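Please find below my notes on this entry, set out as numbered points. They go from sheets to helix packing and then to two single residues.

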Amino acid sequence: MGTSVQVTPLCGVYNENPLSYLVSVDGFNFLIDCGWNDHFDTSLLQPLSRVASTVDAVLLSHSDTFHLGALPYAMKQLGLSAPVYATEPVYRLGLLTMYDQYLSRKQVSEFDLFTLDDIDSAFQNVTRLTYSQNHYMSGKGEGIVIAPLVAGHLLGGTTWRITKDGEDVIYAVDFNHRKERHLNGTVLESFVRPAVLITDAFNALNNQPSRRQRDQEFLDAIEKTVNVGGNVLLPVDTAGRVLELILTLEQHWTQKQLSTPIYFLSYVSSSTIDYVKSFLEWMSDSIAKSFEHTRDNAFLLRKIKLVINKSALEEDPGPKVVMASMASLEAGFSHDLFVEWAADPKNLVMFTERGQFGTLARILQSDPPPKAVKVTMSRRIPLVGEELAAYEEEQNRIKREEALRATLVKEEESKASAGAEVVTSDPMVVDANVTHPSSNAAGLHSGAFKDMLIDGFVPPSSSVAPMFPFYDNTSEWDDFGEVINPDDYVVKDDNMEQSSMHVDGDLNGKLDEGSANLILDTAPSKVVSSELTVQVKCSLLYMDFEGRSDGRSIKSILAHVAPLKLVLVHGSAEATEHLKQHCLKHVCPHVYAPQLEETIDVTSDLCAYKVQLSEKLMSQVLFKKLGDYEIAWVDAEVGKTENDMFSLLPLSGLAPPHKTVLVGDIKMSDFKQFLASKGIQVEFGGGALRCGEYVTIRKVGDASQKVGGAAIQQIVLEGPLSEEYYKIREYLYSHFYSL
């Protein structure tokens, strides 16, 4: 049998809930994605709570809440302690996303599901990988190789490849085959016939217009609104699809020399762009090439202002365009701006992604949209008067209790240390304060020992022999004396230590100053809430900037990849069933769409055996170097070792003859230059390479069919047998490895 693979959905099947799946490969449990929604509904994590302690490794595919939002809570509350793997952008931008989520919630509620420390703790041990980097698992996962590959959709977004014994398990959700302004398309199409492919049906029923048409409609709608004196609100995520919107607006405003102010408003807006500026190698080829030639960073913004407080918008009283988090309108600056701007018919609220189920954004995207919605307005205000006095009294009481507790602990420690000193003291030293048991005292317990004399040579109850104290000096010295650390002599006050706790933690000091002040604001406060009915008179518009492949493209890609077994997750029941039926007819006969917590076995039907190469055989094999590999032709017979392991042994007789095998690939353009350097007249014509007077070289076969990333094609050498023919054939063979 092949590699054993089981898939268990923990969230996100037959619906649009967050993504979280348990994939077991030969008993090694991968948790792929650990998402949560903007409601932070703990009931969604119940399946995860039942298996969290059995997880061996966590793989994160994207940096938004839907893919990693539950990671801090799971590590704090559910017993998840496995190592985490992600790309550098997913790690950095995911951290900022969770900070923004926490700060947005903390301003409007007594949010206590996780803290900033929990976020830091969850992300501090993430192993960061680059695209196509093979990471070899150890211990229980010995023999398993994981590698992140380009997914599109979000910066650093990942399609995960898990390989064991030559069989690939591919996890590809939320991928995008289209090239965008800041991202390349997915590499999913480079795979052919993987053992298992896990993908989503989220967009299976949707078809998209061309990018040029969409962008033009998007920009026209914004210009039309600001030209009549209206404001435009774009509810966006923290550090994901907002980057594409930023580039779109920045380029258009620069080309048209528009003066209407544009704002990116979130608690971590400056930090987000600062990090994104350093991730150019993760972006599209056009951005990387532009930076190489002109040193122009695409995210060096000139038209878009980065702000972290809503009050900054008051500097421009006229029309403005604001990208504000959160996209769901459940909290954050976007929620407050919608309440302020919804009643003005001149304003526009433009959604660039489908709202999460049950959120205000989803309600407003319904057809027809509601004329009025009920919202909860919450804000944090400082305590005053009796409430402040009661709060301070309670804090004083807690401090007194803590001081009393500390005093009791200190007394216990001092008693214990004093007792230890008495026990381990030198028995030759007479201490007048130490009262030895007298003969009378001894007689109280037993008359038989009344006349016993106790002198100073009683051995101590401890078995530790008395010794002089020795302190090892671990100071470092150089040619100029002892090496000192200047930080040891810096006087730090409590406020400095507090600020360094988060600002200089995993964010390397790049947390926005205003957000840092918000974190450090420990003034007593409370949250007050009120219910409002908002009249929705503004324009509402949805345009698809989600950055996912549409239904037509998904079907085409799956048909090309042609996995042996296909698992469908994440999508409405209608979309999942539609894609399942299509794939059964046109992709592969083994298509699965498991229910929540249903474990399906997608073990490969291939028969794979592990064999050892015997030392006797290896000594007879002649290897040839091919790139990073060494290859050889082996004729052997299968036997067994003393441990009943299969082993390849040298043939007992003569090896049968075999045809010469040429290994490698050649580009016709490169071969043309090579022949020209040898003095042979060569030119392209009719899809072939004409060499000299009579010899022609052409490639035949389907270049779209690939195995292991290489096209299946043959090279045909045509022409009369002549000295020129054999000479060109020899040159051609020299570009391959002959076995």
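In what order do the strands of the open sheet of 4 strands come, and is their pairing parallel or antiparallel?

1. The order is E31-E32-E33-E36, and the pairing is antiparallel. As with everything that follows, this is read from a predicted model. The edges of the sheet are formed by strand E31 (682-685) and strand E36 (714-718), each of which pairs on one side only. Averaged over the sheet and with direction ignored, neighbouring strands are turned by 25° against each other.

2. Within this sheet, strand E33 (residues 695-700) is joined to E36 by 5 bridges in the antiparallel sense, and Val700 has Gln714 in E36 as its bridge partner. Two helices should be considered together with these strands. Helix H20 (residues 723-733) packs on the sheet and touches E32, E33 and E36, with a direction that makes about 160° with that of E36. Helix H19 (residues 668-677), for its part, lies across E31, strand E32 (688-691) and E33, and runs at about 150° to E31.

3. An open sheet of 7 strands, with mixed pairing, follows the order E7-E8-E9-E10-E11-E22-E23. Here the edge strands are E7 (135-136) and E23 (591-592), since each is listed as pairing on one side only. Helix H17 (residues 573-586) packs on this sheet, where it touches strand E11 (196-200), E22 and E23, and its direction makes about 170° with that of E22.

4. Strand E22 deserves a closer reading, beginning with its partners. With E11 it pairs in the parallel sense over 5 bridges, and Asp200 has Val569 in E22 as its bridge partner. Strand E22 (residues 565-569) also pairs with E23 in the parallel sense, in this case over 2 bridges; Leu566 is bridged to Val591 of E23, and Val567 to Tyr592 of E23.

5. How many of the residues of E22 are buried? The strand is mostly covered, with 5 of its 5 residues buried. Both of its faces are covered, Lys565, Val567 and Val569 being buried on one side and Leu566 and Leu568 on the other. A colleague inspecting the side chains may wish to note that Lys565 is included in this buried set.

6. Helix H17 also has a helical neighbour, as helix H16 (residues 551-561) packs against H17 at an angle of about 35°, with the two axes 11 Å apart. The crossing of H16 past H17 is right-handed. On the H16 side the contact involves Ile554, Lys555, Leu558 and Ala559, which meet His578, Leu579, His582, Cys583 and His586 of H17. By residue class, this contact comprises 5 nonpolar, 3 polar and 1 charged.

7. A second helix pair is formed by H6 (residues 211-227) and H7 (residues 242-256), which pack at an angle of about 65° with axes 11 Å apart. The crossing of H6 past H7 is likewise given as right-handed. Phe218, Leu219, Ile222 and Glu223 of H6 make the contact with Leu245, Thr248, Leu249, His252, Trp253 and Lys256 of H7, and these residues divide into 6 nonpolar, 2 polar and 2 charged.

8. Is Thr8, in strand E1 (residues 5-11), buried or exposed? Thr8 counts as buried because its relative accessibility is 12%, where the cut-off for buried is under 20%. Its side chain makes a polar contact of 2.7 Å with the side chain of Thr599. Leaving out residues up to four places away in sequence, Thr8 touches Tyr21, Leu22, Glu597, Glu598 and Thr599.

9. Asp285 lies in helix H9 (residues 285-294), and its relative accessibility of 38% is why Asp285 counts as partly exposed. Apart from its neighbours within four places in sequence, Asp285 is in contact with Lys179 and Asn184. The C-alpha atoms of Asp285 and Lys179 are 9.3 Å apart in space, while the two residues are 106 apart in sequence.

10. For the chain as a whole, the secondary structure amounts to 20 helices and 37 strands, and 43% of the 739 residues count as buried. Of the contacts between residues at least 6 apart in sequence, 73% join residues at least 24 apart.

How values were computed: Residues are numbered from 1 along each chain as its sequence is written. This is a predicted model: local features need pLDDT of at least 70, side-chain atom pairs count only at pLDDT 80 or more; totals for chains, interfaces and linings use all residues. Side-chain values use heavy atoms; hydrogens and water are left out. Two strands pair if DSSP finds at least two bridges between them. Contact means heavy atoms within 4.5 Å. Axes are lines fitted to C-alpha atoms, for helices over the stretch in contact, and angles run from 0 to 180 degrees between N-to-C directions. Buried means under 20% relative accessible area, exposed over 50%, partly exposed in between (1.4 Å probe, protein chains only). A polar contact is a pair of N or O atoms within 3.5 Å; within protein, one must be able to donate a hydrogen and the other to accept it, and residues adjacent in sequence count only if both atoms are side-chain atoms. A crossing is left-handed if the near helix is turned anticlockwise from the far one by less than a right angle, and right-handed if clockwise. Ala, Val, Leu, Ile, Met, Phe, Trp, Tyr, Cys and Pro count as nonpolar, Asp, Glu, Lys and Arg as charged, and the others, Gly among them, as polar.
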